[in-house]
Amino acid sequence: MEAPGSPRMDSACPPIAAFSSAIDEDDLRKRLAFLELGEEDEARLRRLWEFVAPREEGNVRSFYDHIDAFPELHKLIGEGPRRERLHRTQHEYARELFTMHCDTRYVENRLQIGAIHHRIGLEPHWYVASCAKLLTTLMDTLQPLAHEAPDAHAIALKSLVRRMFLDMAWP
Ligand code: HEM
């Protein structure tokens with residue numbers, strides 16, 4: 001059984017080092033400081049996951065519907081078991097985005113995902129664009145909270161954007 005947060009390893013994957021020579025704690029600390037992504041953001045996102053989780057199934061479906069509308073992306077995914085697996089991993093990805101602590105283990109996990117995307121030939125600009133899709137979908141999900149607590153909602157969006165941009169460094 002794979003550990004939570006561990007992407008499927010594949011011998012054909014380029015080594016993590018091919019994507020980044022520096023994923024040490026010091027580098028990560030600097031990135032987090034620049035992004036102004038701290039423990040408060042993590043705590044906020046963790047609390048939000050309870051609200052987001054039950055809505056994720058629809059989000060994942062709309063994510064892949066969107067991808068399917070672009071043939072060059074659709075062909076990377078295809079049909080069958082891989083597609084079903086990806087639906088599950090997208091849900092897991094979202095859970096990690098909201099609940100995992102940003103440490104070097106988290107970064108290694110993100111680098112490994114980047115290595116898988118590199119292997120399948122997903123170009124970085126498509127990855128960045130699909131992050132925008134994911135982010136805007138999550139913004140829609142959180143929208144009802146804007147009426148209940150507008151200030152908290154605005155702060156939550158900032159935490160989410162920072163977290164997403166951290167991930168986007170490793171396409
Ligand atoms: C925000 C954008 C994306 C996220 C967060 C994401 C996340 C992931 C994750 C977590 C994995 C690892 C699954 C594993 O552990 O095996 C993965 C693999 C994969 N991703 Fe993405 N992905 C994104 C965008 C895309 C796009 C745009 C495509 C293609 C159009 C794509 C196609 C794939 C494929 C084909 C795999 C390998 C699946 C397999 O053979 O198991 N991903 N992705």
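**Exercise 1. The chain as a whole**

What percentage of the 171 residues of the chain count as buried? Describe also the order of the elements along the chain.

*Solution.* The model is a predicted one, and in it 16% of the 171 residues count as buried. Turning to secondary structure, the chain has 8 helices and 0 strands, so that reading from the N terminus gives the order α-α-α-α-α-α-α-α. As for the contacts with a separation of 6 or more, 85% are accounted for by residues 24 or more positions apart.

**Exercise 2. The largest nonpolar core**

Which residues make up the largest nonpolar core, and which helix gives the most to this core?

*Solution.* Begin with the membership: the core has 10 residues in all, namely Leu45, Leu48, Tyr93, Ala94, Leu97, Phe98, Leu134, Leu138, Ala156 and Leu160. Next, assign them to helices, where at least two residues each come from α2 (39-52), α5 (81-99), α7 and α8 (150-168). The most is given by α5, with 4 residues. Finally, take one member, Ala156, which, once its neighbours within four places in sequence are left aside, is in contact with Arg44, Leu48 and Leu142.

**Exercise 3. Helix α2**

Which residues of α2 are buried, and against which helices do the buried residues of α2 pack?

*Solution.* Consider the length before the burial: α2 has 14 residues and reaches 20 Å from its first C-alpha to its last, which is close to the 20 Å expected at 1.5 Å a residue. Within this helix, Asp41, Leu45 and Leu48 are buried, and the buried residues of α2 pack against α5 and α8.

**Exercise 4. The pair α3 and α7**

At what angle do α3 and α7 pack, and is their crossing right-handed or left-handed?

*Solution.* Two packed helices are described by the angle between their axes together with the distance between those axes. For α3 (residues 56-68) and α7 (residues 124-148) the angle is about 145° and the axes lie 10 Å apart, while the crossing is right-handed. On the α3 side, Asn59, Ser62, Phe63, His66 and Ile67 take part, and they meet Ser130, Lys133, Leu134, Thr137 and Thr141 in α7. Sorted by class, this contact comprises 3 nonpolar, 6 polar and 1 charged residues.

**Exercise 5. Glu36**

Where is Glu36 placed, and why does Glu36 count as buried or exposed?

*Solution.* Glu36 lies in the loop between α1 (25-35) and α2, and its phi is positive, at about 55°, although Glu36 is not a glycine. Glu36 counts as exposed because it has 11 C-beta neighbours inside 10 Å, the cut-off for exposed being 12 or fewer.

Methods:
Residues are numbered from 1 along each chain as its sequence is written. This is a predicted model: local features need pLDDT of at least 70, side-chain atom pairs count only at pLDDT 80 or more; totals for chains, interfaces and linings use all residues. Axes are lines fitted to C-alpha atoms, for helices over the stretch in contact, and angles run from 0 to 180 degrees between N-to-C directions. A crossing is left-handed if the near helix is turned anticlockwise from the far one by less than a right angle, and right-handed if clockwise. Two residues are in contact if their C-beta atoms, placed from the backbone, lie within 7 Å. Ala, Val, Leu, Ile, Met, Phe, Trp, Tyr, Cys and Pro count as nonpolar, Asp, Glu, Lys and Arg as charged, and the others, Gly among them, as polar. A nonpolar core is a set of buried Ala, Val, Leu, Ile, Met, Phe, Trp, Tyr and Cys residues joined through C-beta atoms within 7 Å. A residue is buried if 20 or more other C-beta atoms lie within 10 Å of its own, exposed if 12 or fewer, and partly exposed in between; C-beta atoms are placed from the backbone. The expected span of a helix is 1.5 Å times one less than its number of residues.
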